[in-house]
Amino acid sequence: MKALIVYYSMSGNAGLAAKRIAEQTGADMLPLQVEKDYPDKGFKKYFWGGKSAVMGDKPKLQPYVFEADKYDTVIFGTPVWASTFAPPLRTFIEDNRSALRQKRMAAFVCFKGSGDQKAFAKLKKLLDVESFAAEMTLTEPKEQNKADVDAKIGNFCQALSAAEQA
Ligand SMILES: Cc1cc2nc3c(=O)[nH]c(=O)nc-3n(C[C@H](O)[C@H](O)[C@H](O)COP(=O)(O)O)c2cc1C
């Protein structure tokens, strides 16, 4: 049993969660990086990222290696952008559809406070799955107490491990 965490993070929240999940489960990490960075400051940050998410963009990604055969579980991680997942995940998923077909899927999102359920629903639709083996929402984990974040991540990892054993 081996899991891969495929995630995008603009400002480190989803990245922090990915790292902690990897520490708790031994999963590998695959950070997605866009060829042309989104603006990460001020009004432009929300405008361009939000527009890209709403439009269903597929931004070009920097080269990555996805050794699909090594993994039976893929955990997707993303910030919520305009009540959906961040566009780099769309690029990855559409470019690896056949390799992803046989995998167990789980997901986590980081957000400020609205749109997580819509983001999960849209991600499931894109992946063509009814449900995730485990899912988790974290509110700005970089700003939260480490013990609280670790407890939530612990529950997520437990749900995932129970699904792997079922
Ligand atoms: C373009 C953009 C759109 C966002 N839209 C939402 C949103 O709809 N709901 C929400 O709660 N937070 C929203 N946020 C806040 C991020 O989801 C939140 O800060 C998240 O923790 C960032 O994760 P990261 O640090 O991994 O990039 C948005 C942020 C950006 C940049």
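A crossing of two helices is left-handed if the near helix is turned anticlockwise from the far one by less than a right angle, and right-handed if clockwise. I wrote that down before looking at anything else.

**Ground rules.** My model is a predicted one, where local features need pLDDT of at least 70, side-chain atom pairs count only at pLDDT 80 or more, and totals for chains, interfaces and linings use all residues. I number residues from 1 along each chain as its sequence is written.

**Two helices.** I looked up helix 1 (13–25) and helix 6 (residues 146–165). Helices (H or I, at least four residues) and strands (E, at least two) are DSSP runs, numbered from the N terminus. The axes of helix 1 and helix 6 come within 10 Å and cross at roughly 55°. Axes here are lines fitted to C-alpha atoms, for helices over the stretch in contact, with angles running from 0 to 180 degrees between N-to-C directions. Helix 1 and helix 6 are therefore oblique to each other; angles under 35 degrees count as roughly parallel, over 145 as roughly antiparallel, 65 to 115 as roughly perpendicular and the rest as oblique. I noted the crossing of helix 1 and helix 6 as right-handed.

Next I checked who meets whom. Helix 1 brings Ala 17, Arg 20, Ile 21, Gln 24 and Thr 25 to Val 149, Asp 150, Ile 153, Gly 154 and Cys 157 of helix 6 (in contact means C-beta atoms, placed from the backbone, within 7 Å). By class, this contact of helix 1 with helix 6 has five nonpolar, three polar and two charged residues. Ala, Val, Leu, Ile, Met, Phe, Trp, Tyr, Cys and Pro count as nonpolar, Asp, Glu, Lys and Arg as charged, and the others, Gly among them, as polar.

**Around the ligand.** Which residues come nearest to the ligand? Of the 23 around the ligand, I found Ser 9, Asn 13, Ala 14, Gly 49 and Pro 79 nearest (a residue is near if its C-beta atom, placed from the backbone, lies within 6 Å). Helix 1, helix 2 (42–54), strand 3 (73–81) and strand 5 (104–111) each supply at least two residues of the shell. Helix 2 gives the most, with four residues. By class, I see nine nonpolar, eleven polar and three charged residues in the shell around the ligand.

**Two positive phi angles.** Ser 83 is not a glycine, yet has a positive phi of about 60°. I placed Ser 83 in the loop between strand 3 and strand 4 (84–85). Ser 83 counts as partly exposed, with 17 C-beta neighbours inside 10 Å. A residue is buried if 20 or more other C-beta atoms lie within 10 Å of its own, exposed if 12 or fewer, and partly exposed in between, with C-beta atoms placed from the backbone. Asp 128, also not a glycine, has a positive phi of about 60°. I found Asp 128 in the loop between helix 5 (116–127) and strand 6 (135–139). Is Asp 128 buried or exposed? Asp 128 is exposed, with 11 other C-beta atoms within 10 Å.

**Strand residues.** Ala 3 is in strand 1 (residues 3–7) and is buried, with 25 other C-beta atoms within 10 Å. I list Thr 25 among the residues Ala 3 touches. Glu 135 lies in strand 6 and counts as buried, with 21 C-beta neighbours inside 10 Å. Glu 135 and Ala 107 are 28 residues apart in sequence and 4.9 Å apart in space, C-alpha to C-alpha.

Methods:
Contact = placed C-beta atoms within 7 Å. Lists of a residue's contacts leave out its neighbours within four places in sequence.
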